[in-house]
Each structure stands twice: as C-alpha cells, then as structure tokens.
Amino acid sequence: MENSKDNMRINWFPGHMAKAQRMMREHVKLVDVVIELVDARIPLSSANPVIADIIENKPRVVALNKADLAETAWTERWIETFRSQGLQAVAIDSMTGKGTKALISKVEQGASAAIAKLVAKGVRPRAVRAMILGIPNVGKSSLINRLLGSATVRTADKPGVTRGKQWIKVSNNLELLDTPGVLWPKIEDPSVALRLAITGAINDEVYDLEQVMAKFLTMLREDYSERLSERYKLTLPLPEDSEELLRLIGSKRGCLRSGGVVDCDKARKIILNEFRGGKLGQFTLDRQLPDRE
Ligand SMILES: Nc1nc2c(ncn2[C@@H]2O[C@H](COP(=O)(O)OP(=O)(O)OP(=O)(O)O)[C@@H](O)[C@H]2O)c(=O)[nH]1
Ligand SMILES: [Mg+2]
C-alpha cells in the first residue's frame with residue numbers, strides 16, 4: 001500500500017475546506033473589505049494563492065499576525081514588499097492586540113469608497129462589513145476575540161477549529177465575518193508545505209513528523225545554531241547530521257527510554273512545541289523576498 005504521507009503528499013484539503021471556500025465565494029459579495037491574515041513567520045508561504053481569485057477586486061488588507069513570534073526586521077521587510085505590490089499591510093499580535101488599531105483604520109479606509117457609494121445612493125450609512133480569511137490556525141478567531149475584548153469565538157492551538165461562518169458585531173462601525181481556515185488543493189512547493197507543517201497550519205496527524213523535523217533541524221542548524229546551542233546547552237559547532245543533533249537534544253532533555261536510548265519522537269515533539277510557543281526565540285522562516293520588477 002502506498003504510504004499517503006510519503007513526500008508530504010497528504011490530504012490537507014479535506015471536504016470541509018472545499019465547502020468553506022464555496023461559502024467564501026458567496027459571502028465576499030456581502031462585504032466591503034477583506035482582511036487576509038498571514039503568519040508573520042511565513043508571510044509568503046501562508047498566503048493562500050486562491051484568495052485573490054475568491055475576492056476578485058474587493059479591497060484587501062493583509063495582516064501579518066503572530067508578529068510577536070517573528071523577527072521584527074523581517075516583518076518590516078515583508079510589509080514593505082506587500083506595500084510595493086499595492087496591498088495594504090500591517091503587523092499585528094492578536095494575543096496582546098498590538099497593531100490592531102492600525103488594522104482597523106486600514107479596514108475603514110478600505111471600505112470608505114463602498115460606504116460613500118451607498119450614501120450617494122441615499123442609503124443610510126451602515127457599519128463596515130469585513131471578512132477575515134486565512135490559513136488554518138493563523139489566528140482569525142483570536143483576532144476577533146481580541147477586538148471584542150472577550151473570548152466569544154472558539155480558538156485553539158490546532159488547525160480546523162472554526163467550522164461554520166459567524167458574523168460578529170465588533171462595534172457600531174464594524175461587523176466581521178469569521179471563517180474556517182482553508183489551504184489550497186495543491187501545494188506545489190515542498191518548502192511551502194514544510195513551513196505550513198512546522199508552524200501548525202496542517203493538522204499534526206496528517207504529515208510525517210520524522211521527515212518534517214529532519215528538514216526543520218537542518219534549517220535551524222543553518223540559520224539559528226546559536227539559539228539551539230543556548231536553549232539545549234550544546235557546544236558549537238552542532239553536528240551536521242540532523243538525526244545526531246536530534247539525539248543530542250533528546251539526551252539533554254532527558255527523553256530517554258529504558259537502557260538509555262533516546263526517545264526521538266518525544267524529542268521531536270519537544271523541539272516543535274518549543275518553537276511554536278516562542279521558547280526558541282523569534283523566527284522568520286520565509287527569508288527570500290520576491291524579486292522586484
Ligand atoms: N503568539 C501568538 N499566538 C497567537 C496569535 N494569534 C493567535 N495565536 C494562537 O494561535 C492559535 C490559533 O488561533 P485561532 O484564533 O484558533 O486560529 P484560527 O485562524 O481561527 O484557526 P482555525 O479556526 O482553525 O482556522 C491559538 O493557540 C492562539 O492562541 C498571535 O498573534 N501571537
Ligand atoms: Mg478559527
């Protein structure tokens with residue numbers, strides 16, 4: 001039987017995502033502006049290529065969420081890049097609310113032409129309607145809760161939490177539509193799939209942790225060996241072989257089975273969780289800006 005996890009050829013576009021995508025196409029007509037959440041650690045890899053097609057020419061604001069987990073200098077470079085492509089972009093942290101004021105003002109600006117058009121037709125001015133789109137686990141529901149100041153919609157540290165759509169009245173001036181996270185049917189670039197898995201956008205059950213962590217450890221050793229050395233008390237230079245590096249970290253962390261054998265699976269999970277929780281510091285994993293024309 002073919003291993004469905006081979007080469008990360010996995011089913012990350014389950015039926016509920018296809019359904020959610022259809023719902024977005026229908027609802028985009030009802031909104032004045034779209035807020036696209038991307039993950040500040042992977043601003044390019046987390047940008048769904050299908051979104052442009054779904055939203056057509058609705059005004060769009062790109063919010064780089066989880067900016068607290070990304071390298072500030074890189075976040076600024078990415079914001080510049082989005083702006084140079086003619087997109088409004090802003091860095092936010094949905095846990096503390098940092099950047100959300102700037103986001104709201106961009107959303108209001110984006111909607112102003114549509115609202116003015118209604119008023120010109122003699123319709124009473126109404127609240128701005130915005131739809132929040134983005135990949136699973138990027139923080140769409142957390143952003144809504146932060147704007148509301150209460151845990152109104154469900155959030156969790158795993159993809160696929162929000163299933164249906166939900167309108168939320170944030171204020172008299174703003175109504176938001178929360179949507180389920182969607183990926184796209186075919187992720188062509190394996191390095192994109194890798195980054196989506198590492199950052200938690202792809203359900204942990206459907207990819208091969210061993211394969212992902214071998215590649216991730218190589219990335220970490222190349223760009224962040226000091227951080228690894230500091231966190232896990234390792235002497236530099238780190239071993240070139242990712243399996244050896246993993247065993248070293250595992251033994252430092254006491255991931256030992258009887259007989260002193262390192263429990264590699266446990267070590268992999270520890271490293272990944274510490275990365276995701278920000279315990280290894282701030283990371284930007286998309287480190288190549290698109291060429292400027
Ligand atoms: N550090 C950090 N964590 C965040 C931020 N925003 C959200 N999170 C965390 O990311 C996880 C996912 O958040 P959700 O709001 O459920 O994500 P979602 O986009 O609604 O996910 P789906 O509904 O599954 O598509 C939760 O554990 C949040 O606490 C942020 O700005 N910084
Ligand atoms: Mg959600």
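# A first tour of the model

Lys 66 sits in the loop between strand β2 (60-65) and helix α3 (72-84). Here helices (H or I, at least four residues) and strands (E, at least two) are runs assigned by DSSP, and both are numbered from the N terminus. This is a predicted model, in which local features need pLDDT of at least 70 and side-chain atom pairs count only at pLDDT 80 or more, while totals for chains, interfaces and linings use all residues. Residues are numbered from 1 along each chain as its sequence is written, chains are lettered from A and ligands numbered from 1 in the order in which they are written, and side-chain values use heavy atoms, with hydrogens and water left out.

## Backbone features to look for

Let us stay with Lys 66 for a moment. What is the phi of Lys 66, a residue that is not a glycine? Its phi is positive, at about 60°. Lys 66 is also buried, with a relative accessible area of 18%. In this report buried stands for under 20% relative accessible area, exposed for over 50%, and partly exposed for what lies in between (1.4 Å probe, protein chains only).

Asn 137 is another place to visit. This residue, again other than glycine, has a positive phi near 70°. You will find Asn 137 in the loop between β4 (128-134) and α5 (140-148). With a relative accessible area of 14%, Asn 137 is buried.

Further along the chain, a cis peptide bond joins Leu 236 and Pro 237, with omega at about -5°. Pro 237 belongs to the loop between α7 (209-232) and α8 (242-252). As background to these spots, most residues other than glycine have a negative phi, and most peptide bonds are trans.

## Two domains and what lies between them

The domain assignment divides the chain into domain 1 (6-178) and domain 2 (208-276); such bounds come from an automatic or database domain assignment. How far apart are the C-alpha centres of domain 1 and domain 2? They are separated by 34 Å.

Five residues of domain 1 touch six residues of domain 2, where contact means heavy atoms within 4.5 Å. Together, domain 1 and domain 2 bury about 440 Å², with 44% of that on carbon and sulfur atoms. Buried area is the accessible area (1.4 Å probe) that two parts lose on being put together, summed over both. On the side of domain 1 that touches domain 2, the residues divide into two nonpolar, one polar and two charged. For this grouping, Ala, Val, Leu, Ile, Met, Phe, Trp, Tyr, Cys and Pro count as nonpolar, Asp, Glu, Lys and Arg as charged, and the others, Gly among them, as polar.

Between domain 1 and domain 2, one residue pair is in polar contact, with both residues at pLDDT 80 or more. A polar contact is a pair of N or O atoms within 3.5 Å; within protein, one must be able to donate a hydrogen and the other to accept it, and residues adjacent in sequence count only if both atoms are side-chain atoms. Zero salt bridges are found across this interface of domain 1 and domain 2. A salt bridge is a side-chain nitrogen of Lys or Arg within 4 Å of a carboxyl oxygen of Asp or Glu.

## Salt bridges

Side chains of opposite charge can pair when their charged atoms come close. How many salt bridges does the rule count? The count comes to 14.

One salt bridge brings together the side chains of Arg 25 and Asp 53, at 3.1 Å from N to O. This pair links distant parts of the chain, with Arg 25 in helix α1 (residues 15-27) and Asp 53 in helix α2 (residues 51-55), 28 residues apart.

Arg 60 forms another with Glu 36, and their closest N and O atoms are 2.8 Å apart. Arg 60 lies in strand β2 and Glu 36 in strand β1 (residues 33-39), so this salt bridge ties together parts that are 24 residues apart in sequence.

Arg 231 and Glu 274 also meet through their side chains in a salt bridge (2.9 Å, N to O). Here Arg 231 in helix α7 is linked to Glu 274 in helix α9 (residues 264-276), 43 residues away.

The table shows how accessible these partners are.

| Residue | Relative accessible area | Class |
|---|---|---|
| Arg 25 | 33% | partly exposed |
| Asp 53 | 45% | partly exposed |
| Arg 60 | 22% | partly exposed |
| Glu 36 | 3% | buried |
| Arg 231 | 29% | partly exposed |
| Glu 274 | 9% | buried |

Salt bridges that share partners join Arg 231, Arg 253 and Glu 274 into one network.

## A last stop at Lys 252

Lys 252 is part of helix α8. Leaving aside residues up to four places away in sequence, Lys 252 touches Tyr 232, Lys 233 and Leu 234. The C-alpha atoms of Lys 252 and Leu 272 are 16 Å apart, with their positions 20 residues apart along the chain.
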